[in-house]
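Notebook open, structure loaded. I'm jotting down what I look up as I go.

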Amino acid sequence: MRQALRLAGKGLYTSTPNPRVGCVIVQGGVAVGSGWHEKAGTPHAEAHALREAGERARGATAYVTLEPCSHHGRTPPCADALIAAGVARVVAAMQDPHPAVSGSGFDRLRAAGIAVQTGLLEDDARELNIGFVSRHTRGRPWVRLKVAASLDGRTALANGASQWISGAAARRDGHAWRARACAILTGIGTVKDDDPQLSVRDVATPRQPLRVLIDSRLEVNPAARLFFADGGKVLVIAAQPNEDKAAVLRDRGAEVLFIPNAQGKTELAAVLRELGRREINELHVEAGARLNGSLLREGCVDELLVYLAPSVIGDSGRGMFSLPELTELSRRTVLVIRDTAAIGGDVRIVARVVGDERVADQARPAAANGMGDAGVAAPPGGH
């Protein structure tokens, strides 16, 4: 199963909107076939493994990181292929959260007389497909918010200058996390200050994520670099209608949506639902303190990806999150640290938002022990 998980990880940058899946077929204690799912519309992991195994699949055990599909999508059902090949046993890491599958693949295999076991390295498999699981169980992507800051938590000088707080290795690492995401989101403040491209450049990638801009009043300059970056599409989400400006942005090739809340701002939870509807599994956020704070306050952040540089800026610098003043520590946002690593001269921290102390206490043992050899706290290749 660990081998199957490593194979599944090869689809980290390519399989979206499908899950990352690997399969190993074992006959007599020897692996006779293996495969992984590369991208939507291409054969699934089981199909590759069965093709390699050939007749040796008969009576064999198939180890697969996700329940074999039972429905006709872009490709035929994998459960049927395993049955036709004469596989005797299927060991799956986890059940598929997709409502069109969710248990029916296992039922089909059992009905054909195939022994089915589930739950082997389930935590690792779930981590690998955390965005796919989120989209099918919550209707929204997994939201990972990236921040680069000084050791005292400052992301920029008071005048907005932020390039570069973190070192080159950390910036390259951040681009690898961008590459695994389906979309990159920022706010109009960041576009005004930094004019980012919001593209993957420092690491090799076969695709560019969707670029999403939250711009409630459609203030963005049509000449902003995000409209001209190579590859990928641009989605601008506003709150206050301005059809003339929207038409200009559409001429730049962007799509413009209006998703307002009662206060005339962008309704962030509805934005996540819309992105889920568009099959976005993982959303990578690189924004300023105001949008970061709004996302965190409204329960829209699942994970923090923080790079701390060995420097101090002081109280005049800009912070990570613009949040209302707290008068009680019990109301602070509680995190569980999942992973720490030295990246060049900086420190990378991956932390999950868990809500309160009781939940945090329950989550810490799993966080400490859940990474394993097949853990996916960082993308493959050390990025």
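In which sense do strand 12 and strand 14 pair, and over how many bridges? I looked: strand 12 (residues 303-309) and strand 14 (residues 346-353) pair in the antiparallel sense, over 6 bridges. Within that pairing, I found V306 standing opposite I349 of strand 14. Note to self: this is a predicted model.

Next I checked the sheet these strands belong to. It's an open sheet of 9 strands with mixed pairing, and I read the order as 10-9-8-7-11-6-12-14-13. Strand 10 (255-258) and strand 13 (335-343) sit at the edges; each has a single partner strand, so one side of each lacks a neighbour in the sheet. On average, neighbouring strands here are turned by 20° against each other, direction ignored.

Then I asked which helices lie across these strands. Helix 7 (residues 168-180) lies across several, among them strand 6 (142-150), strand 7 (183-187) and strand 12. I noted that helix 7 runs at about 165° to strand 12. Helix 11 (residues 289-297) lies across strands including strand 8 (210-214), strand 11 and strand 14. Its angle to strand 7 is about 115°.

Last entry: helix 10. Why do I call helix 10 largely enclosed by the rest of the structure? Because 7 of the 10 residues in helix 10 (residues 268-277) are buried, which here takes under 20% relative accessible area. The buried ones I listed are L268, A270, V271, L272, E274, L275 and G276. Just after helix 10, I spotted E279 with a positive phi of about 65°.

Notes. Residues are numbered from 1 along each chain as its sequence is written. This is a predicted model: local features need pLDDT of at least 70, side-chain atom pairs count only at pLDDT 80 or more; totals for chains, interfaces and linings use all residues. Side-chain values use heavy atoms; hydrogens and water are left out. Buried means under 20% relative accessible area, exposed over 50%, partly exposed in between (1.4 Å probe, protein chains only). Helices (H or I, at least four residues) and strands (E, at least two) are DSSP runs, numbered from the N terminus. Two strands pair if DSSP finds at least two bridges between them. Axes are lines fitted to C-alpha atoms, for helices over the stretch in contact, and angles run from 0 to 180 degrees between N-to-C directions. Contact means heavy atoms within 4.5 Å.
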